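Colleague: Could you walk me through this model? I have a few spots to ask about.

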Amino acid sequence: MNKLSENIINNINKIMEVNFGSDLAAGNPRQVYEALITATNMALKEKRSAFTKKVKEQEAKQVYYMSMEFLVGTSLKNNLWNLGVEDDVAAHLKTAGYDIEDFYEMEPDAGLGNGGLGRLASCYMDSLTTLGYPVTGFSIRYEFGIFKQVIIDGWQNEFPDSWIDKAGYWLNPRLDEEVEVRFFGNVNENWTENGLTTEHTGYVSVLATPYDLFISGYDTEAVNSLRLWSAKATSGFNMDLFSKGEYVKSTENEAIASSISKVLYPADNTYEGKSLRLKQQYFFVSASLQQITKKHFKRYGTFDNFAEKNVIHINDTHPSLCVPELMRILMDDYNYKWDKAWEITAESLAYTNHTVMSEALEKWPVDLVKSHLPRIYTIIEEINRRFCSYIYEHHAHLGGGINNMAIIEGGMVKMANLCIAGSYSVNGVSKLHSEILKADTFRDFNCVYPDKFTNVTNGITHRRWLCQANPLLSELLTEKIGDGFKKSLENIEKFNDFIDDEEVLASLREIKKANKKRLAEYVAKKNGIELNCDSLFDIQVKRLHEYKRQLLNAMHIVDLYLRIKYDGHRPLPKTFIFAAKASAGYFMAKEIIRLICALSEMIERDPDVRDYMKVVFIADYKVSLAEIIIPAADISEQISQAGKEASGTGNMKLMINGAVTLGTMDGANVEIYECVGEDNIFIFGMSTPEVSELARHYNPRSYYEGNARIKRVVDFIKDGIPGKNFDSIYNYLINSDPYMNLADFESYCAAHERVNEAYADSDRFTKMSLKNIANAGMFASDRSVTDYAEGIWHTKPIK
Ligand code: 26V
């Protein structure tokens, strides 16, 4: 047994004794759970202290990853696995009669994110740590993470997710590093002998308390930290009001302050100018930058080398207030003049864009920013003034483009423009997406600053998504190609050599079957539906959005149902699996869930059809559930309208687990296509330029009226399901269909035919699956973060 295992096991026993006055065997599972996490956290804390010492000695450049979301998921298995102690700890627990899996199941997900953007941030923390880079993630310690989804009669209901009670043992409070964040009030400008000085008066203070969540890596000395800020009132509660018996009023200030870190915004589709959201953004940006600058100044006594020693990464525009806040700190707290402060700021910030959907691009009303953050607003105004005059002077030929680039325009502060002006690097998240940013979304900026724009294709941590989620496949790979792939996913390429190895192909089929059984057990328990594990599992799991076109998938299901029911069609059995959360106020998304659930029920009740097809909607999609669903997939549905999905990362997770993509030429699907070749993917639908062209005159009704197959499907959706009505979706499809489901429908159905043909030949399909696994090397987040470190951040791992 190695020393670390011994240390953790001793600590488990000690915690049982000291905290609960019990030995391991006599404790109850909740006590053991607490002891297990606490002991693991202690081991990480010790390891981190050694790592931090090295970072300091080497005066290494620091990376700060600012993100409103980190979709961490569970940590226990990941940490034990990364530390290489899982088997020893499991064996120890077993001696006392416990199964470690039961403790894994007790741990709630830390769901501090909505979807891809937040999960990407967590994958990057894992990879950066594994590769030995010093990085700190900054975000908010939301008391409530992404809501729990409960489906009642097909309709999505949301319930609060209080994760901290059971996962809070991972959070290490640092009361010694609390900072104050100021809102509201007035700004007075005074001319003194030292020039213009500003004074922020009459503000409301909120206290930010940091909680550190340690991030382990695999086979590394590094332990990094995700610092989550919690908000509280500076003044506690009002003693006077309390004494007068006004109990509710006496705690009002505290309630207002702590509301800032109360709950994650559960939307990722439409921007809304909500006061609380703006406060959340400034709260975590200001607290983080105050800490970063303080630490830097303490070490170096100057900011002249700030950009050389630090890089602050802005994950989408949500932390865009980094730009004016760093300016504020440099000027107001450290007396820098504008030009020097701007040079330091614009050389230390980098920005990643994650969406081209115009409704998700943040822009805040001037009045809101002015009232909430008066000092910050004056700085944004000055940035805008200087930026616009620079453009007029040097790029007058851009004409109308100048308005597109202005930071303040039409009474709004445009956050993407602020980020581009204030950062030295701007990147998209897949080849296609980065090209669209340059050619379209930020065309004018690209004319002014062509060198700022770059691409880093997203990636995933295969240690969670392959090694931990799919241990059987991971074992097979280890047996055949060695375990080098765990640290360097390029090595997975060697698996290509087994393409004609009958034994390996048979193993792959067995593993898929076992993973299907594991999922089927879950579905039987939660949905009461029995799955056929010999059927093809066709899986679409992701947030519910019109542009992701779960509706197109549902239309094909209706078509298939009608052909089986009325046309004598007798296909190989297929299971269509969905999981997706919709934003709470997103009506059409919820209607689509209702449609999928209605189809599921109708088919399940129909003896003519149910042996050939099944539809399942699995509720409450989250990281830990994805880990069960993804390894069971044969087909990965990635069917967004071309040009709309910035990258996608579920596509990569499914691919590495041996699912074959059925998708459009969108986001990272394009790169998956390049890696596996056209024979190992099912591509359909319009390309991005074809979408743009058709958008000029798209008329869904002409497809409906001109195509009997489409008409039959759309009419059936309207009121063909007994007892259900979907006028909403019917009208949407024939009158607007903004993401052109009807235009891509025939091509999608034809692609499904190609899938069927390939799947019927089990040898051929297993080979396609193998090719997907073996060619997933480039989608490791280890590769992505190396691209960031070398191409954007200019940082090196700790020696
Ligand atoms: C947007 C908004 C809009 C305002 C309300 C709150 C909110 C919260 C989150 C977002 C993020 C939308 C952007 C996003 O999640 N993009 C996804 O990023 C993934 C990682 O790069 C990428 O794989 C997906 O394609 C992309 O949709």
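Colleague: Where does Ala255 sit?
Modeller: Ala255 lies in helix α10, residues 252-258, where helices are DSSP runs of H or I with at least four residues, numbered from the N terminus. The model is predicted, so local features need pLDDT of at least 70 and side-chain atom pairs count only at pLDDT 80 or more, while totals for chains, interfaces and linings use all residues. Residues are numbered from 1 along each chain as its sequence is written, and side-chain values use heavy atoms, with hydrogens and water left out.

Colleague: Is Ala255 buried or exposed?
Modeller: Ala255 is partly exposed, because its relative accessible area is 45% (buried is under 20%, exposed over 50%, partly exposed in between, with a 1.4 Å probe and protein chains only).

Colleague: And Thr766, buried or exposed?
Modeller: Thr766, in helix α34 (residues 762-774), is buried, with a relative accessible area of 7%. Leaving aside residues up to four places away in sequence, Thr766 touches Leu505, Leu508 and Arg509, contact meaning heavy atoms within 4.5 Å.

Colleague: Switching to the ligand, how many residues surround it?
Modeller: The ligand is surrounded by 20 residues, with His354 and Asn458 among the closest; a residue counts if one of its heavy atoms lies within 4 Å. The largest share of that shell, three residues, comes from α6.

Colleague: What about α6, how many of its residues are buried?
Modeller: In α6, 14 of the 15 residues are buried, so the helix is largely enclosed by the rest of the structure. After α6 comes Gly132, with a positive phi near 85 degrees.

Note on methods:
Helix = DSSP H or I, 4+ residues; strand = E, 2+ residues; numbered from the N terminus.
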